[in-house]
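Let's take a look at this one together. Have the sequence and the 3D view open before you read on.

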Amino acid sequence: MGLRLSVALACALALGGCSTVKGWFDGGKDEPNEPAPLTDITPSVEVTRLWSASAGKGEGRIGARQGPAVADGRVYAAALKGGVRALDLQTGKTVWHHESDLLISGGPGVGDGLVVAGGLDGEVIALDAATGEEKWTAKIPAEIVAAPTIGLGSVFVHSADGRVTALDAASGERRWFWTHEPPALTLRGNDAVSLGPGFVFVGNDDGSVTALSATDGHSLWSLPVAQPEGRTELDRVADVDGTPILDGTTLYATSFKKQTLAIDAPSGRPVWVSSEGGVGRLGLGSDRLLVSDPTGNVHALDKSNGASLWKQPALERRNLTGPVVQGDYAVVGDFDGYLHWLKLENGELAARTRLSGKALRGAPVVVDGVLVAQDVDGEVAAYRLGQ
């Protein structure tokens, strides 16, 4: 347990100098360990900040990778201390604020008229998305650092112990739970589950992805995205800590062990595997996947076969967020509060702006052409291109 907590703490405290788990401990004696300096670029696209707002006192160094959720013209944001807020997507004006004494670390997630967030002590709170009024509360026997997922009549909570719990969306009553024993050593954090027709897809700390029945939680299939191989526990770290992405009938998942897998979701049959991967979320374009690897390279992979389309190494060791697609650009955040826009066609750096001087850990989200990001201090900002 002590070793596991050490790695969790290392992840939470990690700044840009981290490249691999090994590097966190030995200082990377044989390799440069400083974040790549930012070089001057000539912006090829204009980035306009629409607004910024505070969600409260943010996650700081707990490593939750907390981020906003966006739906129906509203941004829903939470902070460790500060409750949950609904903001207008275009103006940032507060629509409602639900105050809470809970240490909110997971989410929020939004769907089916609910906004749901989780706490460090396992609390789950569901709010009316329209008004912020509390609908119900529940309790999970582990901390929650992933946004709950809402759909199929349930709220699915992926807690930090690897368990998935399905709660009735109307009452919060537990319907079922599924457990998956984590390895002795894992990275700090996990992410939300994703849903398909009758399916719940879960990324696991042992490097696998599992499909569960949404009805009763029994396992339908499970596949390794990367094998947890190596001589030591550190070498075997292979977490799938980003939400698997379902695109049509294909599921994509990526592992800290720098491997990405495409799977036929209904059958669990592997379609292709790529030797590029990362610990965070994948970005999805019309014909490509975007991934930031543990070293800080950003990759584009052909969605149909996993072939590498380009690699951008200029942001190495800047502890990047998972990528997101905004128009013709991939966007990542870094440890120093910068957002970087890369051309989807070739990975060339196209623009850069700084949200704040605090780290960006959670992947930004893009809805209706507006990118929204949140730093670890609870600051939320929205950006549009070309204005």
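What follows is a short chat about cores, strands and rings.

Before we start: this is a predicted model, where local features need pLDDT of at least 70, side-chain atom pairs count only at pLDDT 80 or more, and totals for chains, interfaces and linings use all residues. Residues are numbered from 1 along each chain as its sequence is written, and side-chain values use heavy atoms, with hydrogens and water left out.

Reader: Which strand gives the most to the largest nonpolar core?

Author: A nonpolar core is a set of buried Ala, Val, Leu, Ile, Met, Phe, Trp, Tyr and Cys residues joined through side-chain atoms within 4.5 Å. Buried means under 20% relative accessible area, exposed over 50%, partly exposed in between (1.4 Å probe, protein chains only). Of the 15 residues in the largest core, L339, W341, L371 and Y383 touch the most other members. Strands here are DSSP runs (E, at least two residues), numbered from the N terminus; β27, β28, β29, β31 and β32 each supply at least two residues of this core, and the one giving the most, with three residues, is β32.

Reader: How are the rings of W341 and Y383 arranged?

Author: Rings of Phe, Tyr and Trp (its six-membered ring) pair if their centres lie within 6.5 Å; planes under 30 degrees apart count as stacked, over 60 as edge-to-face and the rest as tilted. W341 lies in β28 and Y383 in β32, so the pair ties together parts 42 residues apart in sequence. Both residues are buried. Their centres are 6.1 Å apart with 70° between the planes, and that makes the pair edge-to-face.

Reader: And why is the pair of Y76 and W96 called tilted?

Author: Y76 is in strand β3 and W96 in strand β5, 20 residues apart. Y76 counts as buried at 3% relative accessibility, and W96 does too, at 6%. The ring centres are 6.0 Å apart and the planes sit at 40°, so the pair is tilted.

Reader: How many residues of β8 are buried?

Author: Look at the two faces of β8 (residues 123-128): E123, I125 and L127 are buried on one side, and V124, A126 and D128 on the other. That makes the strand largely enclosed by the rest of the structure, because the buried count is six of the six.

Reader: Which residue in β9 is the bridge partner of I125?

Author: Strands pair if DSSP finds at least two bridges between them. β8 and β9 pair in the antiparallel sense over five bridges. They form a hairpin with five residues between them. In β9, the partner of I125 is T137.

Methods: Helix = DSSP H or I, 4+ residues; strand = E, 2+ residues; numbered from the N terminus.
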